[in-house]
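Q: I'm new to this structure and would love a close look at a single part of it. Could you walk me through the sheet and what packs around it?

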Amino acid sequence: MSNLNSRPFEGKKALILGVANERSLAWAIARSLHEGGARLAFTYLGEALERRVRPLAESVNADLIEPCNVADDAQLDSLFNRVKEKWETLDFLIHSVAFANREDLEGRFINTSREGFRTALDISAYSLIAAAKRAEPLMEGRQASIVTLSYYGAEKVIPNYNVMGVAKAALEAIVRYLAYDLGTKKIRVNAISAGPVKTLAAAGVRNFRDMLSKAEEKTPLHENISAEDVGALASFLCGPGGKHMTGCTLYVDSGAHIMGA
């Protein structure tokens with residue numbers, strides 16, 4: 001019994017979108033699922049990221065390591081065709097994809113360009129719909145789980161988060177609508193709203209170090225979270241404990257979201 005409990009994902013298959021390097025939240029989730037016995041597939045965008053992602057994927061004996069630009073429908077089709085060929089089914093989809101132009105993350109939000117807005121919403125929010133649509137036939141009836149990553153800037157103003165906050169707000173709404181749409185297929189959809197963690201994506205947010213120090217100072221627990229905390233929550237959502245949880249945004253932020261000024 002203890003062996004079963006220690007590997008709750010034995011025989012399960014997880015596709016991980018968005019690992020950038022060893023500090024990525026997606027990588028922490030992948031490791032947690034791997035430790036639970038899951039088989040993994042990874043994507044990367046371009047040669048530079050492939051050099052970072054491939055060694056990580058190989059270290060957990062990944063079954064697939066595929067290129068994918070989530071803004072390209074043809075590449076998404078190719079990715080999910082490869083997943084179907086290799087596995088036939090899919091149990092977990094981890095969506096950790098976000099991007100905004102640096103100039104749209106600085107200065108006044110009102111100066112967000114039309115193209116910058118389109119880019120941020122397409123890559124950071126619509127990509128979840130696009131991936132879920134292709135995952136649906138592989139996940140149907142398997143008590144499957146889709147998990148995406150958000151941030152508190154989706155619901156409150158975070159200076160210098162700008163258009164990404166709008167994209168994350170859209171992402172959280174998408175989670176709810178997908179949860180409703182996919183519920184009859186027994187596919188659950190949830191978001192994790194994580195506190196600040198030193199990742200490659202966070203490096204693009206101006207004054208991020210200040211955000212880290214303030215989070216440690218002002219949260220109820222007076223400490224920052226780690227990527228491993230996010231991995232543990234994602235595993236919970238994918239596991240039996242999350243069986244009847246869907247359409248939720250869950251916070252792992254040392255209580256930051258309950259605070260006022």
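A: One term helps before we start: a residue counts as buried when its relative accessible area is under 20%, and as exposed when that value is over 50%. Please keep in mind, too, that this is a predicted model.

Let's begin with the sheet itself. It is open and has seven strands, in the order E3-E2-E1-E4-E5-E6-E7, and the pairing is parallel. At the edges are E3 and strand E7 (249-252), each of which pairs on one side only. On average, neighbouring strands of this sheet are turned by 20° against each other, direction ignored. As background, the strands of a sheet pair through backbone hydrogen bonds, either parallel or antiparallel.

Now zoom in on one pairing. Strand E1 (residues 13-17) joins E2 in the parallel sense over four bridges. Look for Ile16, which stands opposite Phe42 in E2.

Phe42 also leads us to an aromatic pair, and the structure holds three of these. One of them brings together Phe9 and Phe92 in an edge-to-face arrangement, with 5.3 Å centre to centre and 80° between the planes. Phe9 lies in the loop between helix H1 (2-6) and E1, while Phe92 is in strand E4, so this pair ties together parts that are 83 residues apart in sequence. Phe9 counts as buried because its relative accessibility is 4%. Phe92 counts as buried as well, at 2% relative accessibility. Another pair, Trp27 with Phe42, is tilted, at 6.1 Å centre to centre and 45° between the planes. This pair links distant parts of the chain: Trp27 belongs to helix H2 and Phe42 to strand E2, 15 residues apart. Both Trp27 and Phe42 are buried.

Next come the helices that lie across the strands. Helix H4 (residues 73-87) lies across E1, E2, E3 and strand E4 (92-95), running at about 160° to E1. Helix H5 (residues 114-139) lies across E1, E4, strand E5 (144-150) and strand E6 (187-194), and it runs at about 170° to E4.

Helix H3 (residues 46-59) rounds off the tour. Its 14 residues reach 20 Å from the first C-alpha to the last, close to the 20 Å expected at 1.5 Å a residue. There is a kink of about 30° at Arg52, shortly before the proline Pro55. Val53, Leu56 and Ala57 are buried in H3, and the buried residues of this helix pack against helix H2 (25-35), strand E2 (39-44) and strand E3 (64-67). Just after H3, Asn61 takes a positive phi of about 55°.

Conventions. Residues are numbered from 1 along each chain as its sequence is written. This is a predicted model: local features need pLDDT of at least 70, side-chain atom pairs count only at pLDDT 80 or more; totals for chains, interfaces and linings use all residues. Side-chain values use heavy atoms; hydrogens and water are left out. Helices (H or I, at least four residues) and strands (E, at least two) are DSSP runs, numbered from the N terminus. The expected span of a helix is 1.5 Å times one less than its number of residues. The bend at a residue is the angle between axes fitted to the seven residues ending there and the seven starting there. Buried means under 20% relative accessible area, exposed over 50%, partly exposed in between (1.4 Å probe, protein chains only). Contact means heavy atoms within 4.5 Å. Two strands pair if DSSP finds at least two bridges between them. Axes are lines fitted to C-alpha atoms, for helices over the stretch in contact, and angles run from 0 to 180 degrees between N-to-C directions. Rings of Phe, Tyr and Trp (its six-membered ring) pair if their centres lie within 6.5 Å; planes under 30 degrees apart count as stacked, over 60 as edge-to-face and the rest as tilted.
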